[in-house]
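The following exercises are to be worked with the sequence and the model at hand. Each task is followed by a solution in steps.

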Amino acid sequence: MAKNDAPKTAITPTRNDDYAEWYQQVVRAADLAEQSPVRGCMVIKPWGYAIWENIQRSLDLMFKATGHKNAYFPLFIPKSFLEKEAQHVEGFAKECAVVTHHRLIAGPDGGLIPDPAAKLEEPLIVRPTSETIIGAAFAQWVQSYRDLPLLINQWANVVRWELRTRLFLRTTEFLWQEGHTAHATEAEAREETRKMLEVYATFAEDYMAMPVIKGPKTAGERFPGAVDTYAIEAMMQDRKALQAGTSHFLGQNFAKASGIEFQSKEEKKEFAWTTSWGVSTRLVGALIMSHSDDDGLVLPPRLAPAHVVILPIFRGDDTRGKILEYIDALKKELCDQRIFDRNVEVEVDLRDVRGGDKQWEWIKKGIPLRIEVGLRDVESGAAMLARRDRAPKDKASVPRGELVAKVVETLRDMQAGLLEKALANRAANTRAIDDRAAFDAFFTAKNADKPEIHGGFALSHWCGDGACETAIKDALRVTIRVIPEGEIPGVGASATVFEQGACVVCGKPSAQRVVFAKSY
RNA sequence: CGGGGCGUAGCGCAGCCUGGUAGCGCACCUGGUUCGGGACCAGGGAGUCGGAGGUUCGAAUCCUCUCGCCCCGACCA
């Protein structure tokens, strides 16, 4: 095949040519977000924000169904609050935005400067997370064991002064949800931690069509101040791991720091047991990197801002009305259909833009289905149907009578297909590796100058020693993403997680394999 | 925050070495021909060349500083 015969893709470069650049181009081509004038902060555009809204709505229902209530706490956290939990301080101190003044005045050069007379007595920290401020509230709210459990969630923005940012994956300000709960017993708090991890895993697989491995993190990867951190980890198309959600068992650390005490049935003063758990706009990044291709974004129907775009094909003004009428009726009927707990959402693109361009725009935006309606279709009682998970030119005429049912059926099929494909990709790039040489080879690019996509998930034995974990990290930038608690679908019997083995680093005995990978 | 790269029209880039006040493709606007399709022809609009200093008769081009973005690393959702 000559160079010029290479299939033209809507996105350049392709994933294989330059994955990082491809990602950015998809974000732009799909009109999801853009860089803002503020360093490290993004503007989320309507199409991208709608995805977040769908994530929000779906998760919110799941939180409510598990007994949680939403509330809202201050953006600002007094410095002294953050100082209350030693490990917490250590973890977050180096990435905090600090508010020191409450007024601006004219400066010597005509600009504005903070008024020295308006300096805050105690600096306020723009929340990097809300354990401490919510802890303070909880301390007020909880008196008796009858006040427990306290199950609260907050949708908010947070700020972490990141040194290296990437749209959606890591930005200085990001949107998220943070659940905070307090319980009377350790067992109950542990159960809550697990329950929410499960909610996240379900959401990832059923809504995002993104398979995840769930389980505890190693001590080294723990949330600052947590006793145990659990996570869901997904594999992106460049085979790197992405932490898509975390759930923390905080023990009594924060209860002690914030004074969350209650009187037990036995009339004793006790510290509550707390948890926290969160997912962020990073999920949008995860979605992009799970399914999208060299023609742009690919969205799971369940979270797509719209399911269908109807593209009219006009030839001359005399037939325009007829076609519009046909489209209108079709749209109405489609919008009455239920799919995945909501109505089918339809866009009709009437813009005066060339047909081909219009079509490609929607392909790049990842809308699941495109329906073309021209005079021919109106007259024959049909429409052309094209799906985003097939080649752009792959279209089929569907009789009008079957169209509506076909749309619903196809959306379901696509949702399932995306998960299957992602599962297959993960399985194909997950390997049981038992000796160090093979491990090193797995995580080393053949082309050092321009590393190709390589590696994946290595299921290897680990003795549990942090030193071995660090040795791998230093040598290969590979970390233990998660300690799996079940077999990994699609991986095959030769890679059984639970069997005796020897640590891939030091050779000491190990009872199970863990997931090693490069990560975001 | 360390190493590297890059900032020239909305997007992608050339020009910079060898200073003489900007060019290409796509997008955009107008007219026409096309048209189940990322078309073609003709005409047109759009850039204080990231910002600030400096050198010079003259700076996108040379020097200094600064801001931002990207990649690699350390850190992290």
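**Exercise 1. Determine which residues of helix H6 (residues 186-206) are buried, and compare the span of the helix with the expected one.**

Step 1. Helices (H or I, at least four residues) and strands (E, at least two) are DSSP runs, numbered from the N terminus. A residue is buried under 20% relative accessible area, exposed over 50% and partly exposed in between (1.4 Å probe, protein chains only).

Step 2. In H6, the buried residues are Ala 189, Glu 192, Thr 193, Met 196, Leu 197, Val 199, Tyr 200, Ala 201, Phe 203 and Ala 204.

Step 3. The expected span of a helix is 1.5 Å times one less than its number of residues. H6 has 21 residues, and from its first C-alpha to its last it reaches 30 Å, close to the 30 Å expected.

Before continuing, note that this is a predicted model, in which local features need pLDDT of at least 70 and side-chain atom pairs count only at pLDDT 80 or more, while totals for chains, interfaces and linings use all residues. Residues are numbered from 1 along each chain as its sequence is written, chains are lettered from A and ligands numbered from 1 in the order in which they are written, and side-chain values use heavy atoms, with hydrogens and water left out.

**Exercise 2. Describe how helix H2 (residues 46-65) packs against H6.**

Step 1. Axes are lines fitted to C-alpha atoms, for helices over the stretch in contact, and angles run from 0 to 180 degrees between N-to-C directions. The two helices pack at an angle of about 140°, and their axes are 11 Å apart.

Step 2. The crossing of H2 and H6 is right-handed. A crossing is right-handed if the near helix is turned clockwise from the far one by less than a right angle, and left-handed if anticlockwise.

Step 3. Contact means heavy atoms within 4.5 Å. H2 contributes Ile 55, Ser 58, Leu 59, Met 62 and Phe 63, and H6 contributes Met 196, Val 199, Tyr 200, Thr 202 and Phe 203.

Step 4. Sorted by class, this contact has eight nonpolar, two polar and no charged residues. Here Ala, Val, Leu, Ile, Met, Phe, Trp, Tyr, Cys and Pro count as nonpolar, Asp, Glu, Lys and Arg as charged, and the others, Gly among them, as polar.

Step 5. The buried residues of H2 include Ile 55, Ser 58, Leu 59, Met 62 and Phe 63. Just after H2, Gly 67 takes a positive phi of about 90°.

**Exercise 3. Locate Tyr 207 and list its contacts beyond its neighbours within four places in sequence.**

Step 1. Tyr 207 lies in the loop between H6 and strand E11 (213-216).

Step 2. Tyr 207 is buried because its relative accessible area is 13%.

Step 3. With those neighbours set aside, Tyr 207 is in contact with Ser 58, Met 62, Thr 202, Pro 300, Arg 302, Leu 303, Asp 341 and Gln 415.

**Exercise 4. Classify the aromatic pairs that involve Trp 141 and Phe 73 or Phe 138.**

Step 1. Rings of Phe, Tyr and Trp (its six-membered ring) pair if their centres lie within 6.5 Å; planes under 30 degrees apart count as stacked, over 60 as edge-to-face and the rest as tilted. The whole structure holds 16 aromatic pairs.

Step 2. Phe 73 and Trp 141 have ring centres 5.9 Å apart and planes at 40°, so this pair is tilted. Phe 73 is in the loop between strand E3 (69-70) and strand E4 (76-78), whereas Trp 141 is in helix H5 (residues 131-141), 68 residues apart.

Step 3. Phe 138 and Trp 141 also form a tilted pair, with 5.7 Å from centre to centre and 35° between the planes. These two residues are separated by about one helical turn, because they are three residues apart in H5.

Step 4. Phe 73 is buried at 5%, and Phe 138 is buried at 2%, but Trp 141 is partly exposed at 41% relative accessibility.

**Exercise 5. Identify backbone features at Pro 13, Pro 149, Phe 168 and Arg 477.**

Step 1. Most residues other than glycine have a negative phi, and most peptide bonds are trans.

Step 2. A cis peptide bond joins Thr 12 to Pro 13, with omega about -5°. Another cis bond joins Leu 148 to Pro 149, where omega is about -5°.

Step 3. Phe 168, not a glycine, has a positive phi of about 70° and is buried at 2% relative accessibility. Arg 477 has a positive phi near 60° and is exposed at 62% relative accessibility.
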